[in-house]
Amino acid sequence: MTRLYTTQLQAGLGLIEETKILLDLWSPGMTTPALQQLALESGRFPKVTARRLRNVISECFAPRYLSAAGTPAASHLRILSPATSSAELIQFFLLFTCRANLILGDFIRQVYWERYASGHSEVANDDAERFVRRALDDGKTVKRWSESTVRRVSVYLTGCCADYGLLDRGQKSVRRILPCRITPKVAIYLAYDLHFSGLGDNSLMGHADWQLFGFSSDEVREELKRLSLKGYFIMQSAGDVTRISWKHKTMEELCDVLAQG
């Protein structure tokens, strides 16, 4: 089924600090309503109304980190976060937010990295608005959005990129592009995650998730070659054919190893 763009980002952009707290409160098997109640009772959101907190959890945290059919991302992040730097954690948040919000992922792939590759130093809300209008023309939404929604979503896109360190922060209509390079821990996690999703060794290198970090499939191959030297897997590559021997048998096992450094 073709996924369509939504306005779900309006419920919350990066939510960095809120996500850290919710990951700390959540435990495996906890339902979204149970997390909402625990968060309300925790006293860790003193400036957030009960209605707003429920919205953040149901519209943002749950779709991003609890939606997997198998083990939710939150389980992995709980293992990884104690030994993960803030920069690494933000890249994980970026990955899962883009998976939950197709419009943000496509904006980063098609606008942010295109402007970066073209030598531009900035991304403007106008760039985001043009992207949104093209999407409407291409039928990527259930129905055509109003002018006010187009403008709001455009601002959400650049604001979310700023939260995740791709653009500079602040109330700006034009934002400076910041250097972004996938960290080894995130790259190893992503490679294994795609492997366990059922993708073959060659197919996983062309997956769209890598493009969130500006990688082509050839660049993914070179990155994985470098990471194989760290012993997380064994990689053999001849021409366009790559074979990987995966050392760890589950994502939980991998996360334990990554958390140990």
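**Entry 1. Aromatic pairs**

I began with two rings and found that Phe61 is buried and that Tyr65 is buried as well. I note at the outset that the model is a predicted one. Both residues belong to helix 3, where four residues, about one turn of the helix, separate Phe61 from Tyr65. In general, an α-helix has 3.6 residues a turn, so residues three or four places apart point the same way. I then looked up the ring geometry: Phe61 and Tyr65 make a tilted aromatic pair, with 5.2 Å centre to centre and 45 degrees between the planes.

I turned next to Phe233 and Trp246, which form a tilted aromatic pair at 5.6 Å centre to centre, with 55 degrees between the planes. Phe233 sits in strand 3 (residues 233-238) and Trp246 in strand 4 (residues 241-246), so this pair ties together parts that are 13 residues apart in sequence. I checked burial here too: Phe233 and Trp246 are both buried.

For the structure as a whole I recorded 14 aromatic pairs. I also traced a cluster in which ring pairs link Phe61, Tyr65, Phe92, Phe93, Phe96 and Tyr189.

**Entry 2. The largest pocket**

I looked up the volume of the largest pocket and found about 510 Å³ of space. Its lining comprises 30 residues, and those closest to the centre are Ala68, Phe96, Arg99, Asp193 and Asp209. I listed the elements that contribute two or more residues to this lining: helix 3, helix 4, helix 5, helix 6 (102-117), helix 9 (184-196) and helix 11 (208-211). By class, I recorded 17 nonpolar, seven polar and six charged residues in the lining of the largest pocket. Phe96, among the residues closest to the pocket centre, is also a member of the aromatic cluster noted above.

**Entry 3. Asp209**

I followed up Asp209, which I located in helix 11. Is Asp209 buried or exposed? Its relative accessibility is 7%, and Asp209 therefore counts as buried. Leaving out residues up to four places away in sequence, I found that Asp209 touches Leu95, Arg99, Arg109, Leu190 and Leu194. Among these contacts, Arg99 is also listed with the residues closest to the pocket centre.

**Entry 4. Cysteines**

I searched for disulfides, and the count came to zero. Cys98 takes part in none, and the nearest cysteine sulfur, that of Cys160, is 7.2 Å away. Cys98 counts as buried because its relative accessibility is 4%. I then asked why Cys180 is not bonded to Cys161. The sulfur of Cys161 is the closest cysteine sulfur to that of Cys180, yet the separation is 9.8 Å, which is too far for a bond.

**Entry 5. Helix 1 and its surroundings**

I listed the buried residues of helix 1 (residues 16-25) as Ile16, Thr19, Ile21, Leu22, Leu23 and Leu25. The cover over these buried residues includes helix 2 (32-42), helix 3 (50-65), helix 4 (73-80), helix 5 (86-100) and helix 8 (147-163).

I looked at Leu15, in the segment before helix 1. Leu15 is not a glycine, but I found a positive phi of about 50 degrees. The relative accessible area of Leu15 is 11%, so Leu15 is buried.

I went on to Trp26, which lies in the loop between helix 1 and helix 2. With a relative accessibility of 3%, Trp26 counts as buried. Which residues is Trp26 in contact with, leaving aside neighbours within four places in sequence? I recorded Leu35, Leu66, Pro72, Ala74, Ser75 and Arg78. I also looked up the separation of Trp26 from Gln211: the two residues are 185 residues apart along the chain, and 30 Å lies between their C-alpha atoms.

**Entry 6. Arg169**

I closed with Arg169, in the loop between helix 8 and strand 2 (174-176). Arg169 has a relative accessible area of 55%; a value over 50% means exposed, and Arg169 is therefore exposed. Apart from residues up to four places away in sequence, I found that Arg169 touches Ala162, Asp163 and Arg175. The C-alpha atoms of Arg169 and Thr158 are separated by 9.3 Å, with the two residues 11 residues apart along the chain.

How values were computed
Residues numbered from 1 in each chain as written. Predicted model: local features only at pLDDT ≥ 70, side-chain atom pairs only at ≥ 80, totals over all residues. Heavy atoms only, no water. Buried < 20%, exposed > 50% of the residue type's maximum accessible area, 1.4 Å probe, protein only. Contact = heavy atoms within 4.5 Å. 1 Å grid on protein atoms, 1.4 Å probe; cavity = no way out; pocket = protein on both sides within 12 Å on 5 of 7 lines; lining within 4 Å. Points joined across faces, edges and corners; volume = space filled by probe spheres on them. Nonpolar A, V, L, I, M, F, W, Y, C, P; charged D, E, K, R; others polar. Disulfide = S-S within 2.5 Å. Phe/Tyr/Trp six-rings, centres within 6.5 Å; stacked < 30°, edge-to-face > 60°.
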